[in-house]
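Grab a coffee and open the viewer: here is a set of short exercises to work through at your own pace. Try each task before reading its solution.

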Amino acid sequence: MSSGHIIEARGLVKKFEGGLIPALQGADLLVDPGEFVAIVGPSGCGKSTLLHIIAALDRPDEGSVVVNGHELSRERHLDHVRGHDVGLIFQMHNLLPTLSASENVQVPMFEIKLGARARRARADELLELVGLKGKARQRPTQLSGGERQRVANARALANEAPILLADEPTGSLDSKSGEHVLSLLERLRTERGLTIVMVTHAMEIAARADRIVRMLDGRVVGDERLREAPAVRTAASVW
Ligand SMILES: Nc1ncnc2c1ncn2[C@@H]1O[C@H](COP(=O)(O)OP(=O)(O)OP(=O)(O)O)[C@@H](O)[C@H]1O
Ligand SMILES: [Mg+2]
């Protein structure tokens with residue numbers, strides 16, 4: 001610990017199917033607080049697996065991960081890390097089909113102490129933030145793919161966690177909605193010091209990050225800095 005990194009993943013190995021599929025083969029990722037990092041690489045190279053391990057949803061076979069000061073292999077309360085330290089935008093949305101948009105956004109809030117009225121109000125704010133005002137009561141099947149994506153984005157922001165892990169957050173959005181999401185992320189980073197790790201296939205989106213990390217065959221094979229992370233402003237709040 002005490003490296004100053006908010007994410008410190010070293011030597012991660014993860015195999016699936018009894019070892020037949022080596023999804024990660026010694027992946028390293030260090031991220032500073034307030035940084036915006038894009039991860040790129042071909043399909044199947046381990047990007048989602050890496051995010052899931054950092055999000056404390058899966059454990060590596062080897063290697064160590066420290067997230068916001070928690071060494072995950074030693075952490076007994078991974079649900080606390082999931083509830084307070086990271087927000088995750090899943091590649092496949094993973095919305096609960098029987099819940100409305102608003103209720104889906106409220107799911108992570110059950111990890112923090114908030115009354116029902118406050119939860120609904122915050123969900124409304126977040127849905128407005130992602131451009132879905134008026135859709136709070138719709139269920140996922142009553143929303144378009146892009147709208148579901150935006151509900152998933154709002155849900156990942158629900159707990160105001162310091163780290164946002166985003167797996168293709170603009171993947172199913174048209175360019176205007178994608179731009180809306182990206183500028184929201186940039187704002188949250190600049191104004192709140194949110195640390196963002198975003199997987200994307202689109203180079204023009206990756207180019208908006210401070211740093212582009214390239215993965216191949218379960219390893220990080222490239223790390224290109226595009227710009228310094230801006231100094232964090234604390235006055236304004238976008239939550
Ligand atoms: N739960 C699982 N069980 C078995 N194999 C898995 C599992 N999750 C991932 N894999 C395999 O591990 C490898 C890495 O998968 P991962 O989802 O991390 O790739 P990715 O880089 O996110 O790809 P994409 O760009 O297509 O989303 C792939 O070969 C995938 O088939
Ligand atoms: Mg993936």
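The exercises below go from the whole fold to single residues, and the model they use is predicted.

**Exercise 1. The overall fold**

Task: Work out how the radius of gyration of the protein agrees with that of a compact globule.

Solution:
- Step 1. Start with the inventory: the protein has 7 helices and 10 strands.
- Step 2. Take the extent of the C-alpha trace, which spans about 45 × 40 × 35 Å along its principal axes.
- Step 3. A compact globule of 239 residues would have a radius of gyration near 18 Å, and the value for the protein is 17 Å, so the two agree.
- Step 4. Now look inside: 43% of the 239 residues count as buried.
- Step 5. Finish with the contacts. Among those with a separation of 6 or more, 68% are between residues 24 or more positions apart.

**Exercise 2. The shell around ligand 1**

Task: Find how many residues surround ligand 1, and which are the closest.

Solution:
- Step 1. The shell holds 13 residues, and the closest are Phe16, Ala23, Ser43, Ser48 and Thr49.
- Step 2. Next, assign them to elements: strand S2 (21–31) and helix H1 (47–54) are the elements that give two or more residues.
- Step 3. H1 supplies the largest share, with 3 residues.
- Step 4. Sort the shell by chemistry, and you get 7 polar, 4 nonpolar and 2 charged residues.

**Exercise 3. An open sheet and its helix**

Task: Determine the strand order of the open sheet of 4 strands, and how its strands pair.

Solution:
- Step 1. A reminder helps here: strands of a sheet pair through backbone hydrogen bonds, in a parallel or an antiparallel way.
- Step 2. Reading across this sheet, the order is S2-S1-S4-S5, and the pairing is antiparallel.
- Step 3. S2 and strand S5 (70–71) are the edge strands, since each pairs on one side only.
- Step 4. H1 packs on this sheet, where it touches strand S1 (7–16), S2 and S4, and its direction makes about 120° with that of S1.
- Step 5. Zoom in on one edge: strand S4 (residues 62–67) pairs with S5 over 2 bridges. There, Val66 stands opposite Glu71 in S5.

**Exercise 4. Strand S8 and its partners**

Task: Decide whether strand S8 (residues 195–199) is largely enclosed, and explain why.

Solution:
- Step 1. Count the buried residues: 5 of the 5 in S8 are buried, so the strand is largely enclosed by the rest of the structure.
- Step 2. Recall that side chains in a regular strand alternate between the two faces of the sheet.
- Step 3. Check each face of S8. Thr195, Val197 and Val199 lie on one side, Ile196 and Met198 on the other, and all are buried, which leaves both faces covered.
- Step 4. Turn to the neighbours. Strand S3 (residues 36–40) runs parallel to S8 and is joined to it by 4 bridges, while strand S7 (residues 163–167) is joined to S8 by 5 bridges, also in parallel.
- Step 5. Locate Ile196 between these strands' pairings: Phe36 stands opposite Ile196, and Leu164 has Ile196 as its bridge partner.

**Exercise 5. Residues with a positive phi**

Task: Glu17 and Ala56 are not glycines, yet each has a positive phi. Is each one buried or exposed?

Solution:
- Step 1. Glu17, with a phi of about 55°, is found in the loop between S1 and S2.
- Step 2. Glu17 has 8 other C-beta atoms within 10 Å; the limit for an exposed residue is 12 or fewer, so Glu17 is exposed.
- Step 3. Ala56, with a phi near 65°, is in the loop between H1 and S4.
- Step 4. Ala56 has 22 other C-beta atoms within 10 Å, and because 20 or more counts as buried, Ala56 is buried.

**Exercise 6. Met109 and Arg187**

Task: Place Met109 and Arg187 in the fold, and classify each by its surroundings.

Solution:
- Step 1. Met109 is in the loop between helix H3 (101–106) and helix H4 (116–129).
- Step 2. With 22 other C-beta atoms within 10 Å, Met109 is buried.
- Step 3. Leaving out residues up to four places away in sequence, Met109 touches Leu114, Arg119, Arg122, Ala158 and Asn159.
- Step 4. His84 is 25 residues from Met109 along the chain, and their C-alpha atoms are separated by 9.5 Å.
- Step 5. Arg187 belongs to helix H6 (residues 175–192), and is partly exposed, with 14 other C-beta atoms within 10 Å.
- Step 6. Arg187 and Asp167 are 20 residues apart along the chain, and 18 Å separates their C-alpha atoms.

Technical notes. Residues are numbered from 1 along each chain as its sequence is written. Chains are lettered from A and ligands numbered from 1 in the order in which they are written. This is a predicted model: local features need pLDDT of at least 70, side-chain atom pairs count only at pLDDT 80 or more; totals for chains, interfaces and linings use all residues. A residue is near a molecule or strand if its C-beta atom, placed from the backbone, lies within 6 Å of it. Ala, Val, Leu, Ile, Met, Phe, Trp, Tyr, Cys and Pro count as nonpolar, Asp, Glu, Lys and Arg as charged, and the others, Gly among them, as polar. The radius of gyration is taken over C-alpha atoms; the globule rule is 2.2 Å times the number of residues to the power 0.38. Two residues are in contact if their C-beta atoms, placed from the backbone, lie within 7 Å. Two strands pair if DSSP finds at least two bridges between them. Axes are lines fitted to C-alpha atoms, for helices over the stretch in contact, and angles run from 0 to 180 degrees between N-to-C directions.
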